[in-house]
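Subject: A structure for you to look at

Hi there,

I am passing on a structure that I have been looking through, and I hope you enjoy exploring it. Please open it first and turn it around a little before you read on.

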Amino acid sequence: MNWTKIWINIFGTATLFGLDIGFWISLGAVVLIVILMNLIFWGIRPKEKQHLSV
């Protein structure tokens, strides 16, 4: 399957603002990964501090 050809048939172009559509897809994938990582990080509960007895 040629994804570029399919994209061109649907939208009529393979560029957006002068940049190839592959750039925008990869940028979207990175943004999605960053959002997921932040959701996971901020959803983790902190461990309770252990008191050291001397």
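Below is what I found, starting with the whole chain and then going into the details.

Please keep in mind that this is a predicted model.

**The whole chain**

The protein chain contains 2 helices and 2 strands. If you start at the N terminus and walk along, the order of the elements is α-β-β-α.

How does the radius of gyration of the protein chain stand against that of a compact globule of 54 residues? The globule would be near 10 Å, but the protein chain comes out at 22 Å. The box filled by the C-alpha atoms tells you about the outline as well: along the principal axes it is roughly 70 × 25 × 15 Å.

Buried residues account for 4% of the 54 residues. The accessible surface of the chain is about 5,700 Å², and carbon and sulfur atoms hold 70% of that.

**The start of the chain**

Helix α1 covers residues 3–11 and is hardly covered by anything else: among its 9 residues, the count of buried ones is 0. Just after α1 you will meet G12, which has a positive phi of about 85 degrees.

**The second helix and the UniProt record**

Helix α2 takes in residues 21–43. The UniProt record, an unreviewed entry, places a "transmembrane region" at residues 21–44. In the model, residues 21–44 are 96% helix and 0% strand, and the C-alpha atoms at the two ends of that stretch are 35 Å apart.

Two residues are good places to stop on α2. L27 lies in this helix, and its relative accessible area is 37%, so L27 counts as partly exposed. I40 is also found in α2; with a relative accessible area of 57%, I40 is exposed. To get a feeling for distance, try going from I40 to T13: they are 27 residues apart along the chain, and 36 Å separates their C-alpha atoms.

**A nonpolar patch**

Which residues make the nonpolar surface patch of about 720 Å²? They are L19, F23, L27, V31, L32, I35, L36 and L39. Helix α2 gives the largest share of this patch, with 7 residues.

**The aromatic rings**

A pair of aromatic rings is described by two things: how far apart the centres are, and the angle between the planes. The count here is 3 aromatic pairs. Why is the pair of F17 and W24 called edge-to-face? Their ring centres are 6.3 Å apart and the planes meet at 70 degrees, and planes over 60 degrees apart count as edge-to-face.

F23 and W24 form another edge-to-face pair, with 5.1 Å from centre to centre and 75 degrees between the planes. Together, ring pairs link F17, F23 and W24 into a cluster.

Are these three residues buried, partly exposed or exposed? F17 has a relative accessible area of 75%, so F17 is exposed. W24 is partly exposed at 26%, and F23 is partly exposed at 39%. You have already met F23 above, as one of the residues in the nonpolar patch.

Have fun with it, and write back with any questions.

Best wishes

Technical notes: Residues numbered from 1 in each chain as written. Predicted model: local features only at pLDDT ≥ 70, side-chain atom pairs only at ≥ 80, totals over all residues. Heavy atoms only, no water. UniProt positions renumbered as here; feature names shortened; annotations may be inferred. Helix = DSSP H or I, 4+ residues; strand = E, 2+ residues; numbered from the N terminus. Buried < 20%, exposed > 50% of the residue type's maximum accessible area, 1.4 Å probe, protein only. Phe/Tyr/Trp six-rings, centres within 6.5 Å; stacked < 30°, edge-to-face > 60°. Rg over C-alpha atoms; globule rule 2.2 N^0.38 Å. Areas by Shrake-Rupley, 256 points an atom, 1.4 Å probe, with all protein chains shown as cover. Patch = residues over 30% accessible without salt bridge, like charges linked within 9 Å, V, L, I, M, F, W, Y side chains within 5 Å. Salt bridge = Lys/Arg side-chain N within 4 Å of Asp/Glu carboxyl O.
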